[in-house]
Each structure stands twice: as C-alpha cells, then as structure tokens.
Amino acid sequence: MPLTPMKQILDEARKKGYGVGAYNVNNMEQIQAIMAAAQKTQSPVIIQASRGALKYSNFTYLKHLMIAAAEENPTIPLSMHLDHGNSLDTVKKSIALGFTSVMIDGSLKEDGKTASDYAYNVAVTRSVVEYAHGYGVTVEGEIGTLGGIEDGVGSGSIHITDPKEAKKFVDDTGLDALAIAIGTSHGAYKFKGAVNLALDVLKEVRALIDIPLVLHGASSVPKELIDAVNKYGGKMPGATGVPMSSLKEAIKLGVSKINVDTDGRLAVTAAIRKVFAESPEKFDPRDYLGPARDTLTELIAKKMEDFGTAGHASDYKPTTLEEAKRFYK
Ligand code: G3H
Ligand code: 13P
Ligand code: ZN
C-alpha cells in the first residue's frame, strides 16, 4: 500500500473520536519499532521527520526506509509527515522525497527561534497550502507558540492560541489540520510545577473550527523510563511530561493528532544504557539497538491503546495522493 495523505487518517480519527500518534524518527530501528507496534495493535499511524532528522538521515535514506515500511505493512494506513517545516523550500524537498503530509510552522520565523506575526504566518502557510494541495499532500499549520528547548523548534516562550485568531487563520489559509498551543512544550522538562493545560481554550477552538486539531509537545515522559535512564548512568532530574489522563481528555475534547518524540528518545536511551551498564563486554550494535527497538515497540503499542488508535487499521481503504489531488481541485 502506498503512503497515505494524513488528512484521511485524521478525518477518520475525528469521525470516531480517537487520537493518532505522530511519532518522530531518525533511523531504521525507530521506523521498524513504530510499524511493529502498529501491526501488533492494528493501528493507523503517522511517522514524522523533523528538518534535523532529514539532515541526519541524509534525506534519501529516510525516503527508502519509509518505502520499506509501507511495503512491509500493506494493511496499515501510514502517512509520512514533515514535522516543523519552516519554509516552502523545505516543503518542496519533502514532497519530492515522497512525504504525504507537511507541517509549515509559521508561528516562528525561518530561523526557528523568532516569533512571527500573523501576516507572516498566513502568507507562508498559504504558499505551502497552494503548493502541497497541487500534489494531494496534507498541510498542518500552527497558531500560537509552544515553549521548547530543542534547537529550531521553539522560541522558549509559550503563547496560548487565541481561538478567534485560530478560526480566522483556518479561513485565511485553507489548511487541513491545525496545531494549537495550550501550554505544552517540546522536550523532557515541560512543567516546573503542576501540569496546567488550557483545556478551555481547546474547547473554544474546537467549537469554532471544523478541521482536525494537533497537539505538539505531547510526550508523557514516563517515570519508569526516567528512573531507568537515571539508574543506568543518565542524569535527567526533574523531567516531566503530559500525563496520559490529560492527553485522553484532550482527545475527548477534539485533538486528533498527538506528537510524540521525547518518549521515543527516552525508551531508546533507557534500553541502550541498561545493556551498556549490565553487559559492558557487549559491542555488537544489534545487542543494544535490538533491545532499544523492542522497548520502543512496547511504548508505542501502549500509546496506540491509550489514544484509542488500536483496532482501527482496517476501518477504511487508504486513499492515494492522486485521489487527494482531485479532491483539492
Ligand atoms: O518537535 C520537534 C521534534 O522533537 C524534533 O526534534 O528537531 O531535534 O529532531 P529535532
Ligand atoms: P515531545 O517533545 O513532547 O515529544 O513533542 C514532540 C513534538 O511535538 C514533535 O513535533
Ligand atoms: Zn512539535
């Protein structure tokens, strides 16, 4: 089955009220783990790559790994999504590689660090919508700003989405899915004190707009993974994430796409550290990348159950870019 435009995966999720995880990848083991989890739980799935991931994998490697993932899992609806694209140029490169969905993050300027103004966000998002829809490719945009600590994906300060502005943004751009800022942030240190999500804002946005909503910075930073990382020589004091109960609430209130990168990184790191600490004589990469892949599979399969994605792989026949192209025309 060829890769599917993300719009269909999200529209179907919205219809039935479940969430679909969008999991970040950089290499083969991560892709294999996500696909194994999707097979195990019979879930549709979104795999996403950041600009950093594209660079790390030298673009072409990722393209062929995704083709392999689709080929090996013909019954799983699978979308390949560009995460935090920052320019029409990056979007064009991703579509040329075969991505079936792109995010244009116009909430920040092209440097990825400077907050943008509304007019800039609309202009860059519209240019991407016009281009991507010509190929049948789904477009996600963002209004409001997440906090963040990773290079190029956060300005460090959070600006909660204004629901009325969100509505205007959707009307002004014609995009397919909207990421909103309700108090989450990227990385493993999300909250200093109590977890505080602006679920009232989510409710208001949901009432005003009629396309799928996206939650970035949605890793839960599970305590058992942080404990394992720290136990085997890591140093991550005070790491916190979004509790699964809050994510379930957000899904109930209308979030369809849930972005997860940090938890995957933690699972891989915990497993590798364990092998290194317990078996220092080992030096075959398969001896630590294998357990890392297994731990990641388990983590993601559990998320697929929790988000309600499990069991929905065969609900619908995945569409193609060609069909989506006709739809946009
Ligand atoms: O939201 C962004 C992801 O966590 C990607 O991070 O740019 O370090 O690959 P990255
Ligand atoms: P986390 O850092 O919470 O995993 O968020 C990832 C993300 O939003 C990718 O776009
Ligand atoms: Zn993000």
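1. Let's start with two helices of this predicted model. The axes of helix α11 (residues 262–278) and helix α12 (residues 285–307) come within 8 Å and cross at roughly 140 degrees. An angle over 145 would count as roughly antiparallel, and 65 to 115 as roughly perpendicular, so α11 and α12 are oblique to each other. The crossing of α11 past α12 is right-handed.

2. Which residues make the contact between these helices? From α11 come D263, G264, A267, V268, A270, A271, I272, V275 and F276. On the α12 side you will find D287, Y288, P291, A292, T295, L296 and L299. Sorted by class, the residues of this contact are twelve nonpolar, two polar and two charged.

3. Now for the sheet. Eight strands form a closed barrel, in the order β1-β2-β3-β4-β5-β6-β7-β8, and their pairing is parallel. On average, neighbouring strands of this sheet are turned by 25 degrees against each other, direction ignored.

4. It is worth looking at where β1 and β8 pair. Strand β1 (residues 20–24) runs parallel to strand β8 (residues 255–260), and four bridges join the two. One residue to pick out here is A22, whose bridge partner in β8 is N259.

5. N259 also turns up beside ligand 2, as one of the closest residues, together with H216, S219, D261 and T262. In total, 13 residues surround this ligand. Strands β3 (78–85) and β8 are the elements that give two or more residues to the shell. By class, the shell holds nine polar, two nonpolar and two charged residues.

Methods: Residues are numbered from 1 along each chain as its sequence is written. Chains are lettered from A and ligands numbered from 1 in the order in which they are written. This is a predicted model: local features need pLDDT of at least 70, side-chain atom pairs count only at pLDDT 80 or more; totals for chains, interfaces and linings use all residues. Two strands pair if DSSP finds at least two bridges between them. Axes are lines fitted to C-alpha atoms, for helices over the stretch in contact, and angles run from 0 to 180 degrees between N-to-C directions. Angles under 35 degrees count as roughly parallel, over 145 as roughly antiparallel, 65 to 115 as roughly perpendicular and the rest as oblique. A crossing is left-handed if the near helix is turned anticlockwise from the far one by less than a right angle, and right-handed if clockwise. Two residues are in contact if their C-beta atoms, placed from the backbone, lie within 7 Å. Ala, Val, Leu, Ile, Met, Phe, Trp, Tyr, Cys and Pro count as nonpolar, Asp, Glu, Lys and Arg as charged, and the others, Gly among them, as polar. A residue is near a molecule or strand if its C-beta atom, placed from the backbone, lies within 6 Å of it.
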